[in-house]
Amino acid sequence: MTTRQKSKKSETATLKSNLHMESEIDVQDRFKSEMLHGNTGCALHLHRNVELYGVKHGQMSVTVRNEKKVLTDGQMAMIGGLECHSFGADKPADAFFMQIGGMYTEDFLRLYSGKLPAIWLMDAAYNMEFIYPFLETVWQRGETMTTLERIGIANLIYAKIIEHYGLRNFTGFNTSKADIDIIIQYIYDNYKEPITLESLANRFGYNPRVLSGKLSKTTGMDFRIFISDIRMQKVITMCHDKQNADMALIDIVSRCGFNCVASFYRAYKRAYNRNFKFNNLPIH
């Protein structure tokens with residue numbers, strides 16, 4: 001293989017990695033905790049993995065399924081799979097998160113059928129004493145943890161949340177979770193293609209109007225906005241990558257599924273309420 005071929009292969013692999021971030025991390029064995037220094041938030045999105053999000057220092061506005069609260073030091077939110085959510089801040093804050101894949105939540109689902117943990121975990125003192133240490137353990141030990149250890153920690157986190165905050169009813173979706181999983185995964189994997197509601201409906205055997213209603217009620221947003229936001233987040237990810245420093249914005253947005261730069265600008269302004277600038281990108 002020539003040097004040029006190797007370079008091309010490396011470039012292709014890098015691009016594939018950038019363009020398929022969600023499909024790689026939104027998986028059943030996802031078990032990751034991370035501290036986000038200087039975080040400014042993330043636009044409205046959803047994923048199948050459960051996410052525990054909190055603030056270490058500062059203030060973050062958190063929206064989950066159209067309910068919004070401001071979290072400060074030590075406060076957290078427990079976000080269920082496929083619950084639409086966003087984070088925002090006027091000033092950068094130190095936040096943290098933990099994402100738990102489906103293979104580690106099976107015990108909870110079996111024991112508490114039809115229920116989910118409370119979303120808003122506002123008792124900072126309790127959180128920092130009984131929940132936060134588990135997140136520290138996960139980001140310190142990371143991938144060295146065994147599957148059994150991960151299941152144990154996931155169950156302990158659920159137990160501590162339920163013990164102090166209780167449970168809420170799972171309202172469910174207007175189509176089976178399996179169908180939603182498949183459709184969301186397809187959008188994640190193919191967002192750079194010219195996906196339309198009609199093409200999606202034909203592929204999965206729905207009437208377009210019915211599918212539009214189901215997706216809107218599940219994601220909390222219009223289908224066109226949903227796929228536009230996925231593409232927009234991909235553009236931001238590619239802009240953050242130093243390997244793309246010499247790539248023109250028009251090339252980045254086209255590789256992420258936008259038909260023009262203006263469409264990306266509109267999506268960005270809608271999500272962040274400010275004009276796009278390379279030197280003022282959201283911190284992800």
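Guide: Two strands are said to pair if DSSP finds at least two bridges between them. The model discussed here is predicted.

Visitor: What makes strand 3 and strand 6 a pair?

Guide: Strand 3 (residues 59-64) and strand 6 run antiparallel and are joined by 4 bridges. The requirement is at least two, so the two strands count as paired. One bridge partner of a strand 6 residue is Thr-63, which is matched with Ser-86.

Visitor: How do you know that strand 1 and strand 2 also pair with strand 6?

Guide: The same cut-off of at least two bridges applies. Strand 1 (residues 31-45) is joined to strand 6 (residues 85-100) by 10 bridges, in an antiparallel arrangement, and His-45 has His-85 as its bridge partner. Strand 2 (residues 50-57) is linked to strand 6 over 7 bridges, again antiparallel, with His-57 opposite Asp-94. Both counts satisfy the cut-off, and therefore both are pairings.

Visitor: Why is the contact between Arg-270 and Asp-229 called a salt bridge?

Guide: The closest N and O atoms of Arg-270 and Asp-229 are 2.8 Å apart. A side-chain nitrogen of Arg within 4 Å of a carboxyl oxygen of Asp qualifies, so the name applies. The pair links distant parts of the chain: Arg-270 belongs to helix 12 (residues 261-272) and Asp-229 to helix 10 (residues 223-240), 41 residues apart.

Visitor: Are Arg-270 and Asp-229 buried, partly exposed or exposed, and what makes them so?

Guide: Asp-229 has 6% relative accessibility; buried means under 20%, so Asp-229 is buried. Arg-270 stands at 41%, between the limits of 20% and 50%, and is therefore partly exposed.

Visitor: How do you know that Arg-224 and Asp-222 form a salt bridge, and which class of exposure does each residue have?

Guide: Their closest N and O atoms are 3.0 Å apart, which is within 4 Å, so the criterion is met. Arg-224, at 64% relative accessibility, is over 50% and therefore exposed. Asp-222, at 28%, is partly exposed.

Visitor: What makes Glu-34 and Lys-32 a salt bridge?

Guide: The closest N and O atoms of Glu-34 and Lys-32 are 3.6 Å apart, so this pair too is within the 4 Å limit. Glu-34 is partly exposed at 31%, and Lys-32 is partly exposed at 32%. A search of the whole structure finds 7 salt bridges.

Visitor: What makes a group of residues a nonpolar core, and which residues touch the most other members of the largest one?

Guide: The members must be buried nonpolar residues joined through side-chain atoms within 4.5 Å. The largest such core has 38 residues, and Met-232, Val-235 and Phe-264 touch the most other members. Helices 7, 8, 9, 10, 11 and 12 each supply at least two residues of this core, and helix 10 gives the largest share, 9 residues. Another core, of 28 residues, lies apart from it and includes Tyr-104, Phe-134, Tyr-158 and Ile-161.

Visitor: Why is Leu-111 counted in a patch on the surface?

Guide: Leu-111 lies in helix 3 (residues 106-111) and has a relative accessible area of 63%. A patch residue needs over 30%, so Leu-111 passes that part of the test. With Tyr-112 and Leu-167, Leu-111 forms a nonpolar patch of about 280 Å² of accessible area.

Note on methods. Residues numbered from 1 in each chain as written. Predicted model: local features only at pLDDT ≥ 70, side-chain atom pairs only at ≥ 80, totals over all residues. Heavy atoms only, no water. Buried < 20%, exposed > 50% of the residue type's maximum accessible area, 1.4 Å probe, protein only. Patch = residues over 30% accessible without salt bridge, like charges linked within 9 Å, V, L, I, M, F, W, Y side chains within 5 Å. Areas by Shrake-Rupley, 256 points an atom, 1.4 Å probe, with all protein chains shown as cover.
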